[in-house]
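This report describes the fold, the buried packing and the charged side-chain pairs of one protein chain. The sequence and the structure are shown first.

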Amino acid sequence: MLLGIRWGSLRTKIIVWSLVPAAIFLGAVALVAYIAYQQPAAALSSSPRYGGYLLVLLALGLVVPAIVVALGVRRLTRPISELIDAAGKVAGGDLGYTIDVETGDEIEELAGRFNLMSEQLQASYADLERKVAIRTRELEALNAIAAAVSQSLDLDEILKGAVDKTLEVMEIEAGGIYLLDERTHSLTIAAQRGLSPTFVAGVDQLQIGEGLSGQVVATGEPLVVKDLSADPRLTKMVLREEDLHSVAIVPLRSKGRILGTFFAMTYGLHEFTTQQVQLLSSIAHQIGIAVDSARLFQTERRHSEQSRVIAEV
């Protein structure tokens, strides 16, 4: 920067491209005036050659500046036109479209910011598509589970189908459902997938407050553990022996009552997202309502059978 002027700036280029043609034209006029001054008037009038020279000089004084101006305008406006075309392509859906401008001035800086914006827009759109796809899959899972639990009153069938579908949608290896016996206050595994018989036997029959699922029943709040091997709340060593690492547990609810828990587990470290826990909670709520309905149906059927037997006696 010299005398407050940034020589590579767009403003400086405009000034230069404006002054150069003017300087050329003024130079040509000055040269013609100088020749005319040096030659006597009689010589100029008697020699057509001098008149031709003067006309050529005047013509050059007009043509050369015009060419310089045209080149300067083209050089200044071409990158701007490229920016306009690029903006049109992005507006037309070609996200991520970039341009290569090397002018060394504000237009190059503007092009760089445009490229950055275009790349960020493409990344944002891709992320939005991913989120929409995930949400769509989750809604499909909720609808599938809602349809499954509404088509049957067989509790075992409801729970097994819900576990299978949930783990499939969440892409989780293992999981299951504890149901709470309100008389004994114990939790029993009613359905599971991906767990060994030894593991199931080792974590079955929990009391409220015992183990992770027992704590969820006691508090009524979801629980997420990324690394079971390092969690001090772990009370069953079979969890470590099974080499399970991460778990998300949510309560089963219906009409304000906790009926058990729904848990999802992984054999590798897994970061359960807030969205995954919310999905698990939504599914658990539907399962809770289905469990309540199935138990009510079983109770009514048992009462009907008892009434029939009494009537026959």
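A residue is called buried under 20% relative accessible area, exposed over 50%, and partly exposed in between. By that rule Arg193, at 31% relative accessibility, counts as partly exposed. The model discussed here is predicted.

**Overall composition**

The protein has 313 residues, of which 34% are buried. Its secondary structure comprises nine helices and six strands. Among contacts with a separation of 6 or more, 59% join residues 24 or more positions apart. The accessible surface amounts to about 18,500 Å², and carbon and sulfur atoms contribute 60% of that area.

**Helix α7 and the strands**

Helix α7 spans residues 211–219, and its buried residues are Gly211, Leu212, Ser213, Gly214, Val216 and Val217. These buried residues pack against β1 (174–181), β2 (186–193), β3 (206–207), β4 (223–225), β5 (246–254) and β6 (257–266). Gly220 follows the helix and has a positive phi, near 75 degrees.

Which side chain makes a polar contact with the side chain of Ser213? The partner is Thr261, at 3.2 Å. Thr261 belongs to strand β6 and is buried, with a relative accessible area of 0%. Beyond its neighbours within four places in sequence, Thr261 has contacts that include Val216 and Val217, as well as Gly176, Ile177, Tyr178, Ile249 and Val250.

The structure contains one aromatic pair. Tyr178 and Phe263 form this pair in a tilted arrangement, with 5.5 Å from centre to centre and 45 degrees between the planes. Because Tyr178 lies in strand β1 and Phe263 in strand β6, the pair ties together parts that are 85 residues apart in sequence. Both rings belong to buried residues: Tyr178 has a relative accessible area of 4%, and Phe263 has 3%.

**Salt bridges**

The count of salt bridges is six. Three of them are listed below.

| Salt bridge | N to O distance |
|---|---|
| Arg193 and Asp164 | 3.9 Å |
| Glu182 and Arg257 | 3.4 Å |
| Glu271 and Lys226 | 3.2 Å |

Glu271 sits in the loop between β6 and α9 (274–312) and Lys226 in the loop between β4 and α8 (238–241), so that this pair links distant parts of the chain, 45 residues apart. Lys226 is partly exposed, with a relative accessible area of 43%. Shared partners join Lys160, Asp164 and Arg193 into one network of salt bridges.

Within that network, Arg193 and Asp164 form a salt bridge with their closest N and O atoms 3.9 Å apart. Arg193 is in strand β2 and Asp164 in helix α5 (residues 155–170), so the pair ties together parts that are 29 residues apart in sequence. Asp164, at 21% relative accessibility, counts as partly exposed.

The side chains of Glu182 and Arg257 also meet in a salt bridge. Glu182 lies in the loop between β1 and β2, and Arg257 in strand β6, so the pair ties together parts that are 75 residues apart in sequence. Glu182 is partly exposed at 44% relative accessibility, and Arg257 is partly exposed at 32%.

**Helix α4**

Helix α4 (residues 106–150) contains Leu128, which counts as partly exposed at 48% relative accessibility. Tyr125, Leu128 and Val132 form a nonpolar surface patch with about 290 Å² of accessible area together. Asn115, also in helix α4, is buried, with a relative accessible area of 14%. Outside its neighbours within four places in sequence, Asn115 is in contact with Thr98 and Ile99.

Key:
Residues are numbered from 1 along each chain as its sequence is written. This is a predicted model: local features need pLDDT of at least 70, side-chain atom pairs count only at pLDDT 80 or more; totals for chains, interfaces and linings use all residues. Side-chain values use heavy atoms; hydrogens and water are left out. Patches are made of residues with over 30% relative accessible area and no salt bridge: like charges are joined within 9 Å, nonpolar side chains (Val, Leu, Ile, Met, Phe, Trp, Tyr) within 5 Å. Accessible areas come from the Shrake-Rupley method with a 1.4 Å probe; for residues, only the protein chains shown count as cover. A salt bridge is a side-chain nitrogen of Lys or Arg within 4 Å of a carboxyl oxygen of Asp or Glu. Helices (H or I, at least four residues) and strands (E, at least two) are DSSP runs, numbered from the N terminus. Buried means under 20% relative accessible area, exposed over 50%, partly exposed in between (1.4 Å probe, protein chains only). Contact means heavy atoms within 4.5 Å. Rings of Phe, Tyr and Trp (its six-membered ring) pair if their centres lie within 6.5 Å; planes under 30 degrees apart count as stacked, over 60 as edge-to-face and the rest as tilted. A polar contact is a pair of N or O atoms within 3.5 Å; within protein, one must be able to donate a hydrogen and the other to accept it, and residues adjacent in sequence count only if both atoms are side-chain atoms.
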